Amino acid sequence: MELVVGTKRWSTWTLRPWLVLKRTGEPFTETLIQLRQQDGQTEAAIRPHSPSGLIPLLKDGDLAIWDSLAICEYLAERFPQAKLWPADPAARALGRAAAAEMHSGFASLRGECPMALEEQPKSVEISDLTQANVRRIVRLWNDLLTRFGGPYLLGEWSIADAYYTPVATRFRTYSIHPSDYGDAGAAGAYAERLLEQPDFLEWERAAQAGI
(Lines give C-alpha, C1' and ligand atoms only; values in the text may rest on other atoms or scores of the structure.)
Protein backbone atom coordinates (compact mmCIF):
# COMPACT_ATOMS: atom_id res chain seq x y z
CA MET A 1 0.00 0.00 0.00
CA GLU A 2 0.98 3.60 -0.56
CA LEU A 3 -0.39 6.62 1.30
CA VAL A 4 0.01 10.07 -0.24
CA VAL A 5 0.25 12.66 2.53
CA GLY A 6 0.78 16.39 2.84
CA THR A 7 3.26 18.50 4.79
CA LYS A 8 3.16 17.03 8.29
CA ARG A 9 3.21 20.36 10.09
CA TRP A 10 -0.15 21.33 8.62
CA SER A 11 -2.05 18.44 7.06
CA THR A 12 -4.79 17.27 9.41
CA TRP A 13 -6.59 15.39 6.66
CA THR A 14 -3.61 13.17 5.95
CA LEU A 15 -2.67 12.72 9.62
CA ARG A 16 -5.96 10.95 10.33
CA PRO A 17 -5.70 8.03 7.86
CA TRP A 18 -1.95 7.82 8.51
CA LEU A 19 -2.67 7.13 12.19
CA VAL A 20 -5.28 4.54 11.23
CA LEU A 21 -2.98 2.83 8.74
CA LYS A 22 -0.21 2.69 11.36
CA ARG A 23 -2.66 0.96 13.71
CA THR A 24 -3.15 -1.87 11.24
CA GLY A 25 0.51 -2.80 11.58
CA GLU A 26 0.67 -3.35 7.82
CA PRO A 27 3.67 -2.11 5.82
CA PHE A 28 3.14 0.85 3.52
CA THR A 29 5.10 3.41 1.60
CA GLU A 30 4.58 7.11 2.16
CA THR A 31 4.64 9.73 -0.57
CA LEU A 32 4.95 13.28 0.72
CA ILE A 33 3.51 16.28 -1.11
CA GLN A 34 4.73 19.69 0.00
CA LEU A 35 1.72 21.93 0.59
CA ARG A 36 1.43 25.71 0.11
CA GLN A 37 3.87 25.83 -2.78
CA GLN A 38 3.48 28.74 -5.16
CA ASP A 39 2.62 28.86 -8.85
CA GLY A 40 0.45 25.76 -8.73
CA GLN A 41 3.31 23.46 -7.79
CA THR A 42 1.35 21.72 -5.03
CA GLU A 43 -1.60 21.05 -7.32
CA ALA A 44 0.73 19.78 -10.03
CA ALA A 45 2.38 17.39 -7.56
CA ILE A 46 -0.96 16.01 -6.39
CA ARG A 47 -2.56 15.63 -9.83
CA PRO A 48 -0.71 12.44 -10.90
CA HIS A 49 -1.93 10.70 -7.75
CA SER A 50 -5.46 11.91 -7.03
CA PRO A 51 -8.46 12.21 -9.33
CA SER A 52 -10.01 14.78 -7.00
CA GLY A 53 -6.89 16.91 -6.90
CA LEU A 54 -6.84 16.47 -3.13
CA ILE A 55 -4.97 14.34 -0.63
CA PRO A 56 -4.79 12.03 1.28
CA LEU A 57 -4.94 9.21 -1.21
CA LEU A 58 -4.50 5.51 -0.47
CA LYS A 59 -3.27 3.17 -3.18
CA ASP A 60 -3.78 -0.55 -2.66
CA GLY A 61 -2.91 -2.43 -5.81
CA ASP A 62 -4.98 -0.91 -8.60
CA LEU A 63 -7.41 0.67 -6.11
CA ALA A 64 -7.09 4.39 -5.30
CA ILE A 65 -9.20 5.96 -2.51
CA TRP A 66 -9.16 9.76 -2.31
CA ASP A 67 -11.14 10.65 0.83
CA SER A 68 -9.80 10.41 4.38
CA LEU A 69 -12.92 8.90 5.93
CA ALA A 70 -13.38 6.46 3.05
CA ILE A 71 -9.75 5.39 3.50
CA CYS A 72 -10.32 4.76 7.20
CA GLU A 73 -13.48 2.73 6.57
CA TYR A 74 -11.70 0.70 3.89
CA LEU A 75 -8.88 -0.09 6.30
CA ALA A 76 -11.37 -1.13 8.99
CA GLU A 77 -12.93 -3.62 6.56
CA ARG A 78 -9.63 -4.74 5.03
CA PHE A 79 -7.96 -5.40 8.40
CA PRO A 80 -10.67 -6.46 10.88
CA GLN A 81 -8.03 -7.84 13.23
CA ALA A 82 -6.87 -4.26 13.89
CA LYS A 83 -10.24 -3.52 15.55
CA LEU A 84 -10.38 0.01 14.20
CA TRP A 85 -14.07 0.14 15.15
CA PRO A 86 -15.59 -1.64 18.18
CA ALA A 87 -17.62 -4.80 17.70
CA ASP A 88 -20.66 -3.33 19.46
CA PRO A 89 -23.03 -1.83 16.84
CA ALA A 90 -24.15 1.05 19.08
CA ALA A 91 -20.60 2.06 19.92
CA ARG A 92 -19.61 1.77 16.28
CA ALA A 93 -22.54 3.96 15.18
CA LEU A 94 -21.72 6.65 17.74
CA GLY A 95 -18.06 6.57 16.77
CA ARG A 96 -18.94 6.96 13.12
CA ALA A 97 -21.24 9.86 13.95
CA ALA A 98 -18.44 11.55 15.91
CA ALA A 99 -15.92 11.06 13.09
CA ALA A 100 -18.39 12.25 10.45
CA GLU A 101 -19.19 15.37 12.51
CA MET A 102 -15.49 16.23 12.51
CA HIS A 103 -15.14 15.33 8.84
CA SER A 104 -17.85 17.75 7.74
CA GLY A 105 -18.12 20.25 10.59
CA PHE A 106 -16.30 22.64 12.91
CA ALA A 107 -15.30 24.86 9.99
CA SER A 108 -14.72 27.88 12.21
CA LEU A 109 -12.22 26.06 14.43
CA ARG A 110 -10.46 24.59 11.40
CA GLY A 111 -10.20 27.95 9.66
CA GLU A 112 -9.32 30.09 12.65
CA CYS A 113 -6.95 27.64 14.35
CA PRO A 114 -5.16 25.59 11.69
CA MET A 115 -2.87 22.76 12.76
CA ALA A 116 0.67 24.12 13.05
CA LEU A 117 2.92 21.56 14.68
CA GLU A 118 5.98 23.76 14.19
CA GLU A 119 4.60 26.48 16.48
CA GLN A 120 4.94 26.84 20.23
CA PRO A 121 1.72 27.19 22.27
CA LYS A 122 0.33 30.71 22.33
CA SER A 123 -2.77 32.43 23.68
CA VAL A 124 -5.16 33.79 21.07
CA GLU A 125 -8.63 35.31 21.07
CA ILE A 126 -11.08 33.08 19.25
CA SER A 127 -14.43 34.08 17.80
CA ASP A 128 -17.81 33.24 19.29
CA LEU A 129 -18.40 30.72 16.50
CA THR A 130 -15.10 28.96 17.18
CA GLN A 131 -15.92 28.94 20.88
CA ALA A 132 -19.22 27.25 20.02
CA ASN A 133 -17.28 24.64 18.03
CA VAL A 134 -14.99 24.02 21.00
CA ARG A 135 -17.91 23.78 23.37
CA ARG A 136 -19.57 21.15 21.17
CA ILE A 137 -16.36 19.13 20.88
CA VAL A 138 -15.81 19.15 24.64
CA ARG A 139 -19.39 18.05 25.22
CA LEU A 140 -19.10 15.28 22.61
CA TRP A 141 -15.85 14.01 24.12
CA ASN A 142 -17.24 14.01 27.64
CA ASP A 143 -20.45 12.26 26.58
CA LEU A 144 -18.56 9.43 24.87
CA LEU A 145 -15.90 9.14 27.57
CA THR A 146 -18.63 8.87 30.20
CA ARG A 147 -20.69 6.39 28.21
CA PHE A 148 -17.83 4.03 27.36
CA GLY A 149 -15.56 4.63 30.34
CA GLY A 150 -12.48 5.78 28.42
CA PRO A 151 -9.59 5.99 28.09
CA TYR A 152 -10.58 6.72 24.46
CA LEU A 153 -13.88 7.87 23.02
CA LEU A 154 -15.27 4.36 22.52
CA GLY A 155 -13.22 2.68 25.24
CA GLU A 156 -10.42 1.28 23.07
CA TRP A 157 -8.66 3.42 20.46
CA SER A 158 -10.64 3.76 17.23
CA ILE A 159 -10.96 5.77 14.04
CA ALA A 160 -12.90 8.36 16.04
CA ASP A 161 -9.75 9.09 18.06
CA ALA A 162 -7.72 9.51 14.87
CA TYR A 163 -10.26 12.10 13.76
CA TYR A 164 -9.89 14.18 16.91
CA THR A 165 -6.11 13.98 17.27
CA PRO A 166 -5.62 17.10 15.10
CA VAL A 167 -8.15 18.89 17.32
CA ALA A 168 -6.00 18.09 20.35
CA THR A 169 -3.03 19.70 18.58
CA ARG A 170 -5.09 22.81 17.91
CA PHE A 171 -6.14 23.05 21.54
CA ARG A 172 -2.49 22.86 22.58
CA THR A 173 -1.16 25.30 19.97
CA TYR A 174 -3.78 27.97 20.63
CA SER A 175 -4.03 27.43 24.41
CA ILE A 176 -7.66 26.34 24.24
CA HIS A 177 -8.43 24.70 27.57
CA PRO A 178 -11.43 22.34 27.79
CA SER A 179 -11.77 23.36 31.44
CA ASP A 180 -12.94 26.77 30.19
CA TYR A 181 -15.79 25.11 28.27
CA GLY A 182 -17.58 23.09 30.90
CA ASP A 183 -15.11 20.21 31.21
CA ALA A 184 -14.59 18.65 34.62
CA GLY A 185 -11.30 17.08 33.54
CA ALA A 186 -12.07 14.12 31.31
CA ALA A 187 -11.86 15.97 27.99
CA GLY A 188 -8.64 17.75 28.90
CA ALA A 189 -6.98 14.51 29.97
CA TYR A 190 -8.22 12.84 26.80
CA ALA A 191 -6.66 15.55 24.60
CA GLU A 192 -3.34 15.07 26.37
CA ARG A 193 -3.62 11.30 25.94
CA LEU A 194 -4.03 11.64 22.18
CA LEU A 195 -0.84 13.68 21.98
CA GLU A 196 1.11 11.06 23.94
CA GLN A 197 0.39 8.21 21.52
CA PRO A 198 3.58 6.76 19.94
CA ASP A 199 2.24 6.97 16.39
CA PHE A 200 1.32 10.63 16.78
CA LEU A 201 4.71 11.37 18.35
CA GLU A 202 6.39 9.79 15.32
CA TRP A 203 4.38 12.09 13.02
CA GLU A 204 5.12 15.10 15.23
CA ARG A 205 8.89 14.45 15.20
CA ALA A 206 8.81 14.47 11.40
CA ALA A 207 6.72 17.66 11.42
CA GLN A 208 9.12 19.43 13.75
CA ALA A 209 12.02 18.35 11.53
CA GLY A 210 10.40 20.41 8.80
CA ILE A 211 8.72 17.59 6.88
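Which strands does helix H1 lie across? Select residues 12-24 and have a look: helix H1 lies across S1, S2 and S3, in contact (heavy atoms within 4.5 Å) and running at about 145 degrees to S1. Axes here are lines fitted to C-alpha atoms, for helices over the stretch in contact, and angles run from 0 to 180 degrees between N-to-C directions.

Before going on: this is a predicted model, where local features need pLDDT of at least 70, side-chain atom pairs count only at pLDDT 80 or more, and totals for chains, interfaces and linings use all residues. Residues are numbered from 1 along each chain as its sequence is written, and side-chain values use heavy atoms, with hydrogens and water left out.

Next, colour the strands. Four of them make an open, mixed sheet in the order S2-S1-S3-S4, where pairing takes at least two DSSP bridges between two strands. S2 (29-33) and S4 (63-65) are the edge strands with a single partner strand each, so one side of each has no neighbour in the sheet. Neighbouring strands are turned by 20 degrees against each other on average, direction ignored.

Now select 2-6 and 57-60: S1 and S3 run antiparallel, joined by three bridges. Pick out Glu-2, which sits opposite Lys-59 in S3.

Finally, zoom out to the whole protein chain, with its nine helices and four strands (DSSP runs, H or I of at least four residues and E of at least two, numbered from the N terminus). The C-alpha trace spans about 45 × 40 × 25 Å along its principal axes. Of the 211 residues, 49% count as buried, meaning under 20% relative accessible area with a 1.4 Å probe, protein chains only.

Note on methods. Buried means under 20% relative accessible area, exposed over 50%, partly exposed in between (1.4 Å probe, protein chains only).
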